[in-house]
Structure formats: C-alpha cells, structure tokens
Amino acid sequence: MATILNGVTANGSSPLVDWTGGTGTFWAWGTFGGATVALEASPDGSSWIAVGASVSFTQDGVGAFSLAPCKLRATVSGATATTNVCASA
C-alpha cells in the first residue's frame, strides 16, 4: 500500500500510480471539511474515470476495488479552508 495523498488541503489530484492489476483497497482519512476524496483509473494516463461509489469518501473510509492493469490517482474536490486529507491505495 502506498500513500498517494498526504495532508492535501486543496482541490487536485495525486501523482499517478501504476496499478499492476487485481484487487486492492483504497483508504481516505483526515479532516474532510466538505471535500470528497475519490479513486480514479486511466488506461492511458490522460482519460480519467471514477472507479465507483465504494471508493469515494466524504469522511474517513476504506473500500475495495478490482481493476485490470492501469494508472490510478486520488482526486480531491470540494475542498474548504478546513480540508486536510490523506489517501492510500
């Protein structure tokens, strides 16, 4: 498991992570302050698709996913002045 967001306070996306395929878990925690942290996948590193509701959080959470080899990133949206979040996959 790798930390892909660490103390993020604004909207944006993490650096890309190469996913070799298979099942995994996505963790998000911290002070959300109205923000959403979601896992996204891409076949090419350019086109991004939300993985699903089970890995999209507005409070501390963990969810499972199963994907073929791809690129992954975590995206923060709706951040406010109190947002400070982390995520791992």
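Reader: In what sense do strand 3 (residues 17–19) and strand 9 pair, and over how many bridges?

Author: Keep in mind that this is a predicted model. Strand pairing is read from the bridges between two strands, and here strand 3 and strand 9 are antiparallel, with three bridges between them. To pick out one rung, start at aspartate 18: its bridge partner in strand 9 is lysine 71.

Reader: Which residue in strand 9 is the bridge partner of serine 42?

Author: That is lysine 71 again. Serine 42 belongs with strand 5 (residues 36–42), which pairs with strand 9 in the antiparallel sense over seven bridges.

Reader: How many bridges join strand 2 (residues 12–13) to strand 9, and which way do the two run?

Author: Two bridges, and the strands run antiparallel. Look at serine 13 for an example: threonine 75 of strand 9 stands opposite.

Reader: With those partners in mind, how many residues of strand 9 are buried?

Author: For burial, go by relative accessible area, with under 20% as the cut-off. Strand 9 spans residues 70–77, and six of its eight residues are buried, so the strand is mostly covered. Cysteine 70 has a relative accessible area of 14%, so it counts as buried.

Reader: Is cysteine 86 buried or exposed?

Author: Buried, because its relative accessibility is 11%.

Reader: And how many disulfides does a search of the whole structure find?

Author: The general idea is that a disulfide covalently bonds the sulfur atoms of two cysteines. In this model, the search comes back with zero.

Reader: Let's try a single side chain. Where is serine 88, and why does it count as buried?

Author: You'll find serine 88 in strand 10 (residues 84–88). It counts as buried because its relative accessibility is 5%. Its side chain also makes a polar contact of 3.4 Å with the side chain of threonine 3. Setting aside residues up to four places away in sequence, serine 88 touches several others, including Met1, Ala2, Phe26, Trp27 and Trp29.

Reader: What is phenylalanine 65 in contact with, leaving aside neighbours within four places in sequence?

Author: A contact list shows what gathers around a residue. For phenylalanine 65, it includes Trp19, Phe26, Leu39, Val51, Val55 and Leu72, along with Gly22 and Gly24. Phenylalanine 65 sits in strand 8 (residues 61–67), and its relative accessible area of 5% is why it is classed as buried.

Reader: How far apart in space are phenylalanine 65 and alanine 53?

Author: They are 10 Å apart, C-alpha to C-alpha, with a sequence separation of twelve residues.

How values were computed
Residues numbered from 1 in each chain as written. Predicted model: local features only at pLDDT ≥ 70, side-chain atom pairs only at ≥ 80, totals over all residues. Heavy atoms only, no water. Buried < 20%, exposed > 50% of the residue type's maximum accessible area, 1.4 Å probe, protein only. Helix = DSSP H or I, 4+ residues; strand = E, 2+ residues; numbered from the N terminus. Pairing = 2+ DSSP bridges. Polar contact = N/O pair within 3.5 Å; in protein donor to acceptor, adjacent residues only side chain to side chain. Contact = heavy atoms within 4.5 Å. Disulfide = S-S within 2.5 Å.
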